Amino acid sequence: MTNKTSDREKERFTGKHFLVWILGFFGVVIAINIAFIFLATDTWTGLSSKTAYVDGLKYNQTLEAAKNQQALGWRNTLVLAKTGQQHSLDFTLADQEGTALSGFTVTALIGRPTLQKYDQTVTLGESTKGMYQAILDLPLPGQWHVSLKAISPSGTSYQLEQRFIVK
């Protein structure tokens, strides 16, 4: 009879067993959440703009600038070309009649949409009349975003945003 009693005692689920199971369960959940938080904050800062509030206040000005740019009727091309291991950003700008526009100061912010660690600002030099180029360092394949701004000698601004896939 003592054998049966000792077997039952071994099989009995006690408060200590319950405590171990509950602590183990919540320990695993907390560990997984900490891992997810670390991975999320390590890969993206969560900011798409450092001046988001100010940009929001200037939204109507941004819409007016886009309307004025469209009224100019200028035509552009923006191409990401690859020669060997190097990438180049090629930008052309022409007026309504197709005449190349020269003398602009052209800068571009190139980066990954979800990983700001590789953001870079480049100045495109005018290689021929109306054609502006810059050599880029794009270390990762995938999607890249280009925000380009061209300013004429008279101060007229022209902006363009485009995404490219790098293989």
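This report walks through a predicted model, from its sheet of strands to a few single residues.

Being a predicted model, it has cut-offs: local features need pLDDT of at least 70, side-chain atom pairs count only at pLDDT 80 or more, and totals for chains, interfaces and linings use all residues. Residues are numbered from 1 along each chain as its sequence is written, and side-chain values use heavy atoms, with hydrogens and water left out.

**The sheet**

Let's start with the strands. Helices (H or I, at least four residues) and strands (E, at least two) are DSSP runs, numbered from the N terminus. Two strands pair if DSSP finds at least two bridges between them. In general, strands of a sheet pair through backbone hydrogen bonds, either parallel or antiparallel.

Here, seven strands form an open sheet with antiparallel pairing, in the order β1-β2-β5-β4-β3-β6-β7. The edges are held by β1 (75-83) and β7 (157-166); each has a single partner strand, so one side of each is left without a neighbour in the sheet. On average, neighbouring strands of this sheet are turned by 25° against each other, direction ignored (axes are lines fitted to C-alpha atoms, for helices over the stretch in contact, and angles run from 0 to 180 degrees between N-to-C directions).

**Strand β2 and its partners**

On one side, β2 pairs with β1 in the antiparallel sense over nine bridges. The hairpin of these two strands has two residues between them, and G84 in this hairpin takes a positive phi near 65°. Strand β2 (residues 86-94) also pairs with β5 (residues 131-136), again in the antiparallel sense, over six bridges. Some matched residues are R75 with A94 in β2, F91 with Y132 in β5, and D90 opposite Q133 in β5.

Is β2 enclosed or open? Seven of its nine residues are buried, so β2 is largely enclosed by the rest of the structure. Buried means under 20% relative accessible area, exposed over 50%, and partly exposed in between (1.4 Å probe, protein chains only).

**Two residues side by side**

| Residue | Strand | Relative accessible area |
|---|---|---|
| S88 | β2 | 12%, buried |
| L109 | β3 | 38%, partly exposed |

Contact means heavy atoms within 4.5 Å. Leaving out residues up to four places away in sequence, S88 touches V79, L80, A81, A134 and I135. The side chains of S88 and D90 are joined by a polar contact of 3.4 Å; such a contact is a pair of N or O atoms within 3.5 Å, where, within protein, one must be able to donate a hydrogen and the other to accept it, and residues adjacent in sequence count only if both atoms are side-chain atoms.

With the same kind of neighbours left aside, the contacts of L109 include D119, Q120 and H145. The C-alpha atoms of L109 and E161 are separated by 9.5 Å, although these residues are 52 residues apart along the chain.

**The core**

A nonpolar core is a set of buried Ala, Val, Leu, Ile, Met, Phe, Trp, Tyr and Cys residues joined through side-chain atoms within 4.5 Å. The largest one has 24 residues, and those with the most contacts inside it are L89, F91, I110, L124 and L148. Among the residues that L124 touches are L89, F91, Y132 and L148.
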